[in-house]
Amino acid sequence: MIALYYDDRSLERTRQWLDSLDAAEKEGVSGVEGFMYTTWFNNDHYDDLEKVSDLIKQKYPNRWPK
């Protein structure tokens with residue numbers, strides 16, 4: 001499980017997490033079963049959940065439930 005987002009409204013750090021996972025898997029890392037949307041300050045940014053899920057669906061469509 002990878003926890004990502006942490007109030008990163010630009011999604012740049014979220015993209016970096018996904019890119020890091022991509023690179024790690026190319027090196028043989030396996031076993032990542034999912035992603036956890038994580039807010040940090042006062043749980044204020046749940047309105048970005050759709051943007052984050054859309055990014056994950058685009059980058060890792062095989063990881064998204066059908």
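This dialogue looks at how to read salt bridges and exposure in the predicted model shown above.

User: What should I know about the model before I begin?

Analyst: This is a predicted model, in which local features need pLDDT of at least 70 and side-chain atom pairs count only at pLDDT 80 or more, while totals for chains, interfaces and linings use all residues. Residues are numbered from 1 along each chain as its sequence is written, and side-chain values use heavy atoms, with hydrogens and water left out.

User: How many salt bridges does a search of the whole structure find?

Analyst: A salt bridge is a side-chain nitrogen of Lys or Arg within 4 Å of a carboxyl oxygen of Asp or Glu, and the search of the whole structure finds five. One of them joins Asp19 and Lys59, at 2.9 Å from N to O, and this pair links distant parts of the chain, with Asp19 in helix H1 and Lys59 in helix H2, 40 residues apart; here helices (H or I, at least four residues) and strands (E, at least two) are DSSP runs, numbered from the N terminus.

User: Which residue forms a salt bridge with Arg9?

Analyst: The partner of Arg9 is Asp47, with the closest N and O atoms 3.0 Å apart. Arg9 lies in the loop between S1 and H1 and Asp47 in the loop between strand S2 (35-38) and helix H2 (49-59), so the pair ties together parts that are 38 residues apart in sequence.

User: Is Asp48 buried or exposed?

Analyst: Buried means under 20% relative accessible area, exposed over 50%, and partly exposed in between (1.4 Å probe, protein chains only). Asp48 counts as buried because its relative accessibility is 3%, whereas Asp47, at 55%, counts as exposed.
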